[in-house]
Every structure is written in C-alpha cells, then in structure tokens.
Amino acid sequence: MNISGYTCDIVHITSGEPQGSVLGPTLFLLFINDIEDILCATDVHMKLFADDEKLYSSFSDMSCSLQTVCDKLVTWAEK
C-alpha cells in the first residue's frame, strides 16, 4: 500500500474471518457462538450485530461481574 509516498510491508494474517464477504458475519457468529456459555449465571448481557459484539451490565454497587466476564473472555480468546 502506498499513501503519500510512504509504503508499508505486507503482513500475512493467519487468523480471523474474511472481510467484506457475505460469509464473514456467519463465520464470525459460528466462531463466537460459545461466548454465551461464559455469560450464564452473570448479570452481563450481550448484543450481536453483523461482526460486532457488545457486552453490557447494570449494577448498583461496585461489585460488577463485567470485569470477571472480560477476564474469562481473554482466557477464551487465548484458547
């Protein structure tokens, strides 16, 4: 890629999903399908749209399980 005379190296990506495809969002949903198991028995909710995921939670004190869920998601992603 060349922008204003500057070029960058090509980097081959070995993971993820195809961008700009009809199949991409479907593959994404299949890939993250088991994330709902992490959210069971928590007050954290998930909204999905195309290839995007939003986690949210409401709480009245500082003992929010959102951080715990985020930590579990990191472990899930590393696997």
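**Close-up views of a predicted model**

Leu23 lies in helix H1, which spans residues 23–31.

**View 1. Leu23 and the surface patch in the predicted model.** Leu23 has a relative accessibility of 52% and counts as exposed, because the cut-off for exposed is over 50%. Together, Leu23, Leu27 and Leu30 form a nonpolar patch on the surface, with an area of about 290 Å².

**View 2. The largest nonpolar core has 9 residues.** Its members are Phe28, Ile32, Ile35, Ile38, Leu39, Val44, Met46, Val69 and Leu73. Two or more of these residues come from each of helix H2 (35–39), strand S3 (44–49) and helix H3 (66–78). H2 gives the largest share, 3 residues. In soluble globular proteins, nonpolar side chains tend to be buried together.

**View 3. Ser57 and its contact with Asp43.** Ser57 belongs to strand S4, which covers residues 52–57. The relative accessibility of Ser57 is 17%, so Ser57 counts as buried, the cut-off being under 20%. A polar atom of the Ser57 side chain is placed 3.2 Å from the backbone oxygen of Asp43.

**View 4. His45 in strand S3.** The relative accessible area of His45 is 41%, so this residue is partly exposed. Measuring from C-alpha to C-alpha, His45 and Ser58 are 9.3 Å apart in space. Along the sequence, 13 residues separate His45 and Ser58.

**View 5. Elements of the whole chain, for orientation.** The secondary structure consists of 3 helices and 4 strands. Read from the N terminus, the order of the elements is β-β-α-α-β-β-α. The chain has 79 residues, and 15% of them are buried.

**View 6. Confidence along the chain, by pLDDT.** The average pLDDT of the chain is 78, and 84% of the residues score at least 70. Among the elements, H3 has the highest mean pLDDT, 86. The lowest mean, 68, belongs to strand S1, made of residues 2–3. Where pLDDT is low, the predicted coordinates should not be read in detail.

How values were computed: Residues are numbered from 1 along each chain as its sequence is written. This is a predicted model: local features need pLDDT of at least 70, side-chain atom pairs count only at pLDDT 80 or more; totals for chains, interfaces and linings use all residues. Side-chain values use heavy atoms; hydrogens and water are left out. A nonpolar core is a set of buried Ala, Val, Leu, Ile, Met, Phe, Trp, Tyr and Cys residues joined through side-chain atoms within 4.5 Å. Buried means under 20% relative accessible area, exposed over 50%, partly exposed in between (1.4 Å probe, protein chains only). A polar contact is a pair of N or O atoms within 3.5 Å; within protein, one must be able to donate a hydrogen and the other to accept it, and residues adjacent in sequence count only if both atoms are side-chain atoms. Patches are made of residues with over 30% relative accessible area and no salt bridge: like charges are joined within 9 Å, nonpolar side chains (Val, Leu, Ile, Met, Phe, Trp, Tyr) within 5 Å. Accessible areas come from the Shrake-Rupley method with a 1.4 Å probe; for residues, only the protein chains shown count as cover. A salt bridge is a side-chain nitrogen of Lys or Arg within 4 Å of a carboxyl oxygen of Asp or Glu. pLDDT is the predictor's confidence in each residue, from 0 to 100.
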